[in-house]
Amino acid sequence: MRILDLALKDLSQMLRDKRSLFFIVVMPIIFTLFMGFAFRGISQSDEEVDNRIPLALVDPQPDSRLNKMFFTRLDSSGAIKVMVMNENEAMDAFRKGEVAGVLVIPDGFSEQVEAGNEAQLNLIAETSSSEGQSIYQLLRVPISQLMSAVEIARISADLQSNPAEYSPAIELAWSKWDENSKLSLVSVEQAATEKSSDWTGGNPYNQASPGILVQFAIFGLITSAQILVQERKTRTLQRLMTTAMKPWEIVAGHLLAMFTLTFLQTILLVVFGQLALNVNYMREPLGTLFVCVALGLWVASMGLLIGVIAKVDEQVILFSMIAMFLFSALGGLWFPLEAAGGAFAAIGKAMPSAWAMNGLQNILIRGLGLESVWMAVGMLSAYALGFFLLAVWRFGKMDV
Amino acid sequence: MNAIEVKNLKKSFGDFQAVQDATFSANAGEVLSLLGPNGAGKSTTISMLSGLLTPTGGDASIMGHSVTKEPELAKASLGVVPQDIALYPDLSARENLVFWGKMYGLRGAALKSRVDEVLEIIGLTDRQKDHVGKFSGGMKRRVNIGAALLHKPDVIIMDEPTVGIDPQSRRHILDNVKELNRQGMTVLYTTHYMEEAAELSNHIAIMDKGRVIAYGSHDELIKMVGQETRIDVTLNAEAEKILDAWRATEGVARIDSLDGKITALVDDSNRVLPRLFDAASKHGVRITSVDIQEPNLETVFLHLTGRALRD
Ligand SMILES: Nc1ncnc2c1ncn2[C@@H]1O[C@H](COP(=O)(O)OP(=O)(O)OP(=O)(O)O)[C@@H](O)[C@H]1O
Ligand SMILES: [Mg+2]
């Protein structure tokens with residue numbers, strides 16, 4: 001109970017200062033947005049959000065058999081995003097660059113083709129652009145398949161001299177193409193995923209949000225460790241020691257306050273990331289929670305250590321800054337360690353900050369499950385225990 | 001049972017012995033003063049009593065609980081007013097008292113009414129909402145005392161609670177001490193003002209250079225110097241010119257010179273003073289002022305150490 005009272009006193013002191021609210025909440029949000037913009041520029045990930053090529057489809061008879069078949073095929077494609085429009089809208093969108101091409105299906109297309117007449121689809125695209133080229137290539141396959149399905153059905157109806165055979169035959173032929181083309185579609189989709197498995201997993205905030213979150217959890221130590229230094233400077237720590245409060249209770253109270261502050265800050269940034277930036281922490285809510293708790297424990301015990309070692313406020317700021325920069329840079333909070341490589345990455349990966357990132361990104365980028373965070377949670381907890389024991393040892397040796 | 005019992009207490013910092021074999025005790029319900037100059041070892045002794053420092057040797061007990069063996073029990077019956085203000089400057093007087101009350105285990109309505117009482121005692125009810133950091137030195141000292149009273153301890157230790165404050169606050173604090181004592185609290189009062197020790201105490205322990213050099217009631221201590229009267233003299237010349245001659249004068253128990261002021265302990269000022277004037281004339285020295293003081297604690301300290309209590 002007294003531990004709780006002490007922690008509440010600490011928290012009210014921390015939050016009393018409006019500036020600390022700015023540092024703990026506003027700054028990290030600004031930095032997240034800033035870093036997110038920076039990553040967006042270098043990871044061409046804009047398209048990755050939806051990397052299908054946009055195509056306007058002008059179709060005057062969407063209910064005719066072939067039109068319908070063709071549309072269904074295109075729409076299920078992983079490479080083309082079909083948007084049905086009328087001709088004017090389509091040309092407008094094309095000029096504005098909203099679509100890479102316009103495919104116009106001529107009036108009476110189904111009837112003409114099935115009657116065995118020539119009919120031509122009209123593709124309007126910038127053939128010199130890579131998107132224009134792609135869309136031409138992508139359309140060629142299903143169109144020729146469609147034509148050959150019609151041809152096959154007609155031949156099979158002729159062979160059996162039974163026009164009633166035409167319908168089932170074309171359905172069959174088309175579905176066969178469909179099965180086969182699924183194979184080719186799979187390869188297209190694989191190419192797309194490989195491309196999007198760049199280090200932001202399709203959303204630049206997947207790197208920025210957890211990175212800044214971990215970094216500012218450490219930065220928050222400036223506020224929380226100062227409370228401890230103040231306690232010594234104002235001699236209130238000495239007075240605490242003359243009450244019936246046991247030394248471990250004093251340590252626990254301060255630790256609890258630091259943990260609470262860090263944890264609340266982290267949760268706030270998680271919520272912001274989830275709601276405002278589409279960073280999907282909630283994909284694995286328990287995993288996110290466990291990582292945040294372990295992160296809070298590690299950061300709080302480091303804060304305790306800084307508070308015990310530092311003699312004046314300026315040293316708190318200095319030590320916190322050193323910790324922040326060291327763990328941010330080495331731990332891959334600013335850029336992924338994979339990008340650094342070598343000894344740097346090897347050392348970096350052992351850092352507690354890197355473990356925190358690892359845990360969060362297993363959820364966010366790699367799309368792994370709850371069991372993927374256990375290692376990160378365990379390592380963070382071990383670091384927390386180490387820092388805590390160091391702090392308690394220094395606290396015991398402290399001159400009061 | 002003695003409320004405070006100190007036996008052969010020792011504390012050394014490296015080779016330096018800050019407290020050497022201190023022994024004294026206080027009966028329940030009395031005021032005991034620890035009187036001594038700067039660096040005498042008063043705060044070090046108190047730190048050991050309040051569990052902040054571990055004694056190098058000896059032991060002490062509060063209400064029968066050894067401070068080394070049962071520190072929690074000893075602390076529970078003890079309130080400590082540290083020499084330095086120990087409060088949160090960014091919290092109000094009331095918030096400080098509420099917090100310290102909680103640290104002493106008070107809760108709810110009991111806490112609230114006790115905080116009101118203590119604010120009344122220290123006379124800061126109308127300033128309770130102000131931040132302690134904005135208070136004057138005297139007001140801070142009063143809150144500093146208040147924070148030690150919340151749990152109504154059996155024993156309260158005050159380490160120079162009146163240093164550096166205005167006469168009004170000082171008066172308020174001295175009256176507080178008397179009132180607390182009247183209500184039954186045992187008080188260990190540390191000071192280097194002999195007037196305070198004389199006014200407040202049932203017993204006085206005089207400390208110097210880490211040792212308790214005298215212990216007793218005010219009157220008992222005064223008797224140590226017998227009928228000696230203290231005479232302070234200033235001259236128009238160097239003290240050395242006359243010091244040896246005066247030291248040899250009949251009726252002079254002890255004579256010392258400090259910063260141009262000569263202090264003599266004599267057995268009967270009416271008889272000795274004319275002799276001092278005679279000797280001065282013979283040596284061609286003129287006495288410019290004479291101050292005769294009845295024996296007091298200052299005289300006692302001078303008698304024991306040859307130095308003034310305050311430098
Ligand atoms: N932690 C310490 N390390 C080394 N020496 C110390 C320490 N604390 C106190 N001392 C020394 O012990 C001696 C006694 O100090 P103490 O503070 O007990 O004196 P005091 O009687 O309270 O004096 P004052 O009236 O100035 O408060 C001093 O010489 C002081 O320098
Ligand atoms: Mg002192």
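Which protein donors does the magnesium ion (ligand 2) have? The legends below take up this site and then further close-up views of the model, which is predicted.

**View 1. The magnesium site in chain B.** The protein donors of the magnesium ion (ligand 2) are the OG atom of Ser43(B) and the OE1 atom of Gln83(B), which lie 1.9 to 2.1 Å from the ion. The pair brings together distant parts of the chain, since Ser43(B) belongs to helix H1 (residues 42–49) of chain B while Gln83(B) sits in the loop between strand S6 (78–81) and helix H3 (93–103) of chain B, 40 residues apart. Ser43(B) is partly exposed, with a relative accessible area of 25%, and Gln83(B) also counts as partly exposed, at 29% relative accessibility.

**View 2. Strand S1 of chain B and its two antiparallel pairings.** Strand S1 (residues 2–13) of chain B pairs with strand S2 (residues 16–27) of chain B in the antiparallel sense over eight bridges, and within this pairing Leu9(B) has Ala22(B) as its bridge partner in S2(B). The two strands form a hairpin with two residues between them, and Gly14(B) in the turn has a positive phi of about 65°. S1(B) is also joined by five bridges to strand S4 (residues 57–62) of chain B, again running antiparallel, with Asp59(B) in S4(B) as the bridge partner of Lys7(B).

**View 3. The four-stranded open sheet of chain A with helices H3 and H4.** The strands of this sheet follow the order S2-S1-S3-S4 (chain A), and their pairing is mixed. Strand S2 (80–84) and strand S4 (122–125) of chain A stand at the edges, and because each has a single partner strand, one side of each is left without a neighbour in the sheet. From one strand to the next the twist averages 25°. Strand S3 (residues 101–104) of chain A pairs with S4(A) in the antiparallel sense over four bridges, and Val102(A) stands opposite Ile124(A) in S4(A). Helix H3 (residues 65–75) of chain A packs on the sheet, where it touches strand S1 (53–58), S2 and S3 of chain A, and its direction makes about 135° with that of S2(A). Helix H4 (residues 87–95) of chain A likewise packs on the sheet, touching S1, S3 and S4 of chain A, with a direction that makes about 160° with that of S3(A).

**View 4. The largest nonpolar core and a second, separate one.** The largest nonpolar core has 109 residues, and those with the most contacts inside it include Ile218(A), Leu240(A), Trp298(A), Trp100(B) and Val143(B). Helix H12 (residues 285–309) of chain A gives the most to this core, with 12 residues. Setting aside residues up to four places away in sequence, Leu240(A) touches residues of both chains, among them Leu6(A), Met245(A) and Ile250(A) as well as Tyr88(B), Phe99(B), Trp100(B) and Met103(B). A second, separate core of 28 residues includes Leu57(A), Ala100(A), Ile105(A) and Ile170(A).

**View 5. The surroundings of Val113(A) in helix H5 of chain A.** Val113(A) lies in helix H5 (residues 109–114) of chain A and counts as buried, at 6% relative accessibility. Not counting residues up to four places away in sequence, Val113(A) touches Leu66(A), Ala119(A), Met147(A), Val150(A) and Arg154(A). Val113(A) and Met85(A) are 28 residues apart in sequence and 23 Å apart in space, C-alpha to C-alpha.

Conventions
Residues numbered from 1 in each chain as written. Chains lettered and ligands numbered in written order. Predicted model: local features only at pLDDT ≥ 70, side-chain atom pairs only at ≥ 80, totals over all residues. Heavy atoms only, no water. Donors = N, O, S within 2.8 Å, 3.2 Å for Na, K, Ca; no water. Buried < 20%, exposed > 50% of the residue type's maximum accessible area, 1.4 Å probe, protein only. Pairing = 2+ DSSP bridges. Axes fitted to C-alpha atoms, helices over the stretch in contact; angles between N-to-C directions. Contact = heavy atoms within 4.5 Å. Core = buried A, V, L, I, M, F, W, Y, C linked by side-chain atoms within 4.5 Å.
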